[in-house]
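Subject: Structure for your review

Dear colleague,

I am handing over the structure below, and I would be grateful if you could read the notes that follow alongside it.

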Amino acid sequence: MQQFFDTRSKPWLVWVGFALVGLSLALLPFALAQVGTTWVRIANYAILYVLLALGLNIVVGFAGLLDLGYIAFYAVGAYTYALLASPQFNLHLPFWVILPIGAAVAAFFGVILGAPTLKLRGDYLAIVTLGFGEIVRIFLNNLSRPVNITNGPQGITGIDPFKLDGFSFGAYESFLGLEVSGPIKYYYLLLAVALGIIVVNMRLQNSRVGRAWEAIREDEIAARAMGIDTRNLKLLAFAMGASFGGVAGGMFSAIQGFISPESFVLVESIMVVCMVVLGGMGNIWGVILGALLLSFVPEILRWTVTPVQEALFGRMLVEPEVIRMLLFGLALVLVMLYRPAGLLPSAVRKRELEEHVV
Amino acid sequence: MDTFLQQLVNGLTAGSVYAVVALGYTMVYGIIQLINFAHGEVVMIGAMVAFTVINLLVPSGLPPLAIVLIGAGCAVPICMLVGYGMERLAYRPLRHAPRLAPLITAIGVSIILQHVALMIWSRNIMAFPQIIPSRTYFVGGAAITSVQIAILAICLGLMASLAILVYRTPLGTAMRATAQNAQVAGLMGIDVNRVIALTFVIGAGLGAVAGVLFGTYYGIAQYTMGAVLGLKAFSAAVLGGIGNIPGAMLGGVLLGLVEALGAGYIGDLTDLCRWGLPLDACAGGGNFILFGSNYQDVFAFVVLILVLVFRPQGLLGERVGDRA
């Protein structure tokens, strides 16, 4: 067995592996659709979380800046898309125009937040970003008066799905005898975007910029002494992370067709932080694992907790939502206590945490 | 002028409660440089426990003041236990870990506490029974209730006793020594672990009282109340200079005032009609308010960001250089 999987003597095995993973990812939505379209949607949201976690990983994992208000950038992207492609202002721009705008607006917000705060030490930065996230949410909630921009707590409805020359991602279609529903189309789009972002992340990590981020994370003063422009590089990390969040937000808006400030609460920020921390800060595959785990856990809980409780006690005592949050909190504490580098630690992070014990 | 005085009174009351909560943040930060993210939840648990006890005791016919005292008397030890527990289980093992590790643990503890509270008390808002007869006094056009006076007095008393504890007792000396240099303090025979645990316990006890006061002032308590209150108190601690005890008191009161005056005047100040802009909405005495008092919760964060940008050491803090 060991012999068979020795990839060094059989390099083609790696490609076989890639092909298998690719094939299963390609067939997954159809398999899920057999169970129910809900599961395709769940898979889509999981990929959205992967996008978010990868974006936050640039900020937290690569550059070592704890951002507790990351969901604000997601919100900015989502609202940019919603305002430019909905009956709210009667604008209906195509998605390939809006998504870059959304990414740019989010990056701009990232710089606005970063510029004054990046000289702060890590823990202060965390709290300020948290405050920033709350400010964005309060504004979204209240910008319905005196001029109605965000429609307040009611949110924006009737957001356009992605459309390309009459090919709508929202519509149901029959293709070569296969039934292709809207969520399945979005699945492939999301998968493509996720792959793109993974590639960007991997290239970033090994680039000059990525190494500079690593140096800043390890020791900022030493990094500055070595001639690294720490301020601009930290700003770049913030802007890049934010723009990824903005793209994910735009896609969320289109898939959902409806957004309200409710979707961008503090808990969501913390959830994305959980994904990055649990999976392994700085390790792309770890972060993806964390995002997938934490997006599927609530669904699994929903399907198991209620029946189990009803069987045991005759009624539901604890809502699955509460159990989910308790598990998240516990996971954060336990991971930090017993596995501070995450489930799949990045090589550098692992070394750093093991040697740092004073 | 009436609005001004009234908002001054309201701001002072809320601010003194912020100050007491901020003390919990600043003491812990001063001694182990940890932002105890879960402190707000301790305050919430204090309010919830006290409200439960008070609601249980109302039918017993005891005098109202005794009921409230018993409620607070139950809340304080429970919160102290929670404070001790989280220091022992979640923070102590990480005392020498990189800085972000205990902060992330603190977020985890905060989520756990909030949802345990949700399991115990459900999502419902708990109301404070109307048992204390509230008398209203008028001072120069501003109304001040007896509850407000009591809150101000209790907060002042707590701050004074804490100041005495920290600056005049052996325990306080040990705390200040540990804050300056834990290793050397240990070599001088101070039981550092005990001092740190006690700091958490005292902070949690103050938080419990603050929770009871806050709940009494606004008349309601809910499992989510800790998060925003905690953030505001943290902003207050930073405003005064984190780690600095008089700073936290000053910061809390100032933040309360900024918030109350801001909420009282922002509507007028951002009313474009008042500035003579020729808008349709202004015709016939209408107004065009850009930001109303519903932005009240933004002030704390704006203050926090402004302080961190322009005077990161806070009003009373000393500038500390980066250490490699």
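In chain A, Asn151(A) is found in the loop between helix 5 (122-142) and strand 3 (163-164), where helices (H or I, at least four residues) and strands (E, at least two) are DSSP runs numbered from the N terminus. This is a predicted model, in which local features need pLDDT of at least 70 and side-chain atom pairs count only at pLDDT 80 or more, while totals for chains, interfaces and linings use all residues. Residues are numbered from 1 along each chain as its sequence is written, and chains are lettered from A and ligands numbered from 1 in the order in which they are written.

Phi of Asn151(A) is near 65 degrees, a positive value in a residue other than glycine; most residues other than glycine have a negative phi. Asn151(A) counts as partly exposed because it has 19 C-beta neighbours inside 10 Å (20 or more would make a residue buried, 12 or fewer exposed, with C-beta atoms placed from the backbone).

In chain B, Ser122(B) lies in the loop between helix 4 and strand 1 (126-127), and its phi is likewise positive, near 65 degrees. Ser122(B) counts as exposed, because 11 C-beta neighbours lie inside 10 Å.

The contact between the chains takes 39 residues from chain B and 36 residues from chain A, two residues being in contact if their C-beta atoms, placed from the backbone, lie within 7 Å. On the side of chain B that touches chain A, helix 4 (100-121), helix 9 (225-240) and helix 11 (296-310) each give two or more residues, and helix 4 of chain B provides the largest share, 13 residues.

With kind regards
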